[in-house]
Each structure stands twice: as structure tokens, then as C-alpha cells.
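Q: Could you walk me through this structure? I have not looked at it before, so please take it slowly.

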Amino acid sequence: TPTLTFDAPLEVTAFEAKTVSEGSGDPVAAGDFVNVALTAYDATTGEFIESIGYGEGELAPFQISVDNPIGQSFGCAPVGTRAIATFPAAEGSTTSQVYVIDLLEIVPTSAWGEDQDAVDGMPKVTLDDTGAPTIEIPEGDAPAAVAIAVLKQGDGATVETGDQVLVQYTGAKWSDGSVFDSSWQRGAPASFQTTGVVPGFQQALEGQKVGSQVLVVMPPAQAYGEDPAAHE
């Protein structure tokens with residue numbers, strides 16, 4: 001956790017960011033997802049507020065964009081860069097803040113875990129060069145209860161109930177294999193809380209390690225009803 005000292009009070013009227021040390025890793029680009037760590041100080045008093053992101057899984061990844069403070073703080077900087085940013089008081093608050101922001105790593109947008117053995121009776125999944133899956137439905141009836149198989153075993157933090165997660169996913173119908181929803185087709189991962197999705201999806205996420213690829217078969221009552229496409 002970095003320590004920052006400055007002459008308080010510091011008048012903050014706008015967001016500003018400055019690089020204080022440049023890293024030696026790969027440069028980031030617009031659209032990349034990155035892990036960062038943040039240490040916040042009160043701009044009026046100089047007092048430490050909090051530090052987060054240095055422990056595994058404490059923050060969900062952020063996307064580099066010219067429209068958000070992370071992108072504005074780092075631009076195309078290399079991994080390992082540290083920036084200092086000032087934030088004016090948010091609406092309803094009188095406290096402006098100073099942040100030390102560390103650019104820790106670029107996050108892959110497909111599972112990187114170790115391949116696991118296939119599970120009999122479950123759909124077959126084939127990946128293309130980007131990691132996007134094609135799903136082949138086996139013959140026979142779908143499982144009557146939620147069935148889960150880990151296809152790739154990740155090595156990151158364990159997903160807990162209510163965590164904010166960044167997920168690539170594809171949903172297909174058991175009846176004909178047609179895809180009804182896919183983050184891959186939209187061109188970017190989705191971010192949400194595990195408690196904000198249908199029960200079967202939640203079961204597939206919680207307890208898994210970041211970097212994993214998980215196959216889940218959900219009956220209608222644990223998924224999107226008889227018409228999966230209607231959930232959109």
C-alpha cells in the first residue's frame with residue numbers, strides 16, 4: 001500500500017491525473033480490461049481513507065476507456081505504472097479525494113485455467129482461437145436438475161456470493177443447440193453481481209476460481225423459463 005503526503009487542504013475543482021512512475025510491462029489499449037489497486041486520501045485533511053485492490057479479488061477489472069477515470073489516468077501506459085489522480089467532491093458530499101492508482105495487469109477475456117476431463121452426458125464445448133465456445137448438445141433428455149462441469153480450472157480468487165464478476169458466456173438451448181445469448185457475439189465480457197442472475201447461473205459462478213471455464217445445464221425453473229430469449 002503506497003503512502004502519500006501532500007500539503008492539505010488541497011483545492012480540487014476537477015479530475016486530473018498524472019503519471020508518477022512508469023511501468024515496464026505491456027502497454028494497455030482502449031478496450032482492455034485491467035486490474036488496478038487504489039489508495040484514497042481526503043484532499044481537505046490529507047488523511048488516509050482506504051486502500052483496495054492489493055489483495056486478490058478485492059476489485060473487479062476495469063475497462064480502459066477515454067470515458068472513464070481509469071482510462072483517463074493511464075491512456076496507453078505500460079503495466080506497472082503508478083498515477084495520482086484528484087477527484088472533486090461527488091454530489092451530496094463535501095469531501096474531495098486524492099487517489100494513488102497502480103496499474104497491475106491486463107486481464108485476459110477468456111478462461112486461462114488448466115483443461116479438465118470431459119463429463120459424460122454433458123454438452124461438448126469446442127473453442128476457437130479467441131476462446132469463444134461452440135456448444136454441441138448430446139442426444140437424450142437434459143438433466144432434471146442443475147448440472148455443472150468445470151472445463152478449465154482457474155487459479156485466481158474464489159468467487160463468493162454477491163461478488164462482482166467479469167464473465168464471458170454463451171447460452172444455448174438444449175432443444176436445438178441454438179444460441180440465445182452470448183457476450184462473445186456482443187464483443188465484450190459482461191460485469192454483474194452473482195446475485196443478479198438466474199439461480200442456475202449463480203450456482204455455476206459461486207465457489208469457482210477466477211480463470212475457470214464452467215459448463216452448466218439449467219432446467220427452465222432455474223434458468224429463463226420455457227423461452228430463454230425472452231429474458232433479453
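Q: Is G71 buried or exposed here?
A: In this predicted model, G71 has a relative accessibility of 6%, and because anything under 20% is classed as buried, G71 counts as buried.

Q: Which helix is G71 in?
A: G71 belongs to helix 1, the stretch that covers residues 69–74.

Q: And what does G71 touch, if you skip its neighbours within four places in sequence?
A: With those neighbours set aside, G71 is in contact with I64 and S65.

Q: How far is G71 from Q193?
A: Along the chain G71 and Q193 are 122 residues apart, and in space their C-alpha atoms are separated by 23 Å.

Q: Okay, zooming out: how many helices and strands are there?
A: The protein chain has three helices, one of them being the helix 1 that holds G71, together with 15 strands.

Q: What are the dimensions of the C-alpha trace?
A: Taken along its principal axes, the C-alpha trace of the protein chain spans about 70 × 40 × 25 Å.

Q: How much of the chain is buried, and what does the exposed area consist of?
A: Of the 232 residues in the protein chain, 34% are buried, while the chain exposes about 13,100 Å², with carbon and sulfur atoms supplying 47% of that area.

Q: What about contacts along the sequence?
A: Among contacts with a separation of 6 or more, 71% are between residues 24 or more positions apart.

Q: Last topic, how many charged side chains are there?
A: The protein chain carries 7 positive and 33 negative side chains, and the centres of these two sets lie 4 Å apart.

Methods
Residues are numbered from 1 along each chain as its sequence is written. This is a predicted model: local features need pLDDT of at least 70, side-chain atom pairs count only at pLDDT 80 or more; totals for chains, interfaces and linings use all residues. Side-chain values use heavy atoms; hydrogens and water are left out. Helices (H or I, at least four residues) and strands (E, at least two) are DSSP runs, numbered from the N terminus. Buried means under 20% relative accessible area, exposed over 50%, partly exposed in between (1.4 Å probe, protein chains only). Contact means heavy atoms within 4.5 Å. Accessible areas come from the Shrake-Rupley method with a 1.4 Å probe; for residues, only the protein chains shown count as cover. Lys and Arg count as positive and Asp and Glu as negative; His and the chain ends are not counted. The place of a charge is taken as NZ of Lys, CZ of Arg, CG of Asp or CD of Glu.
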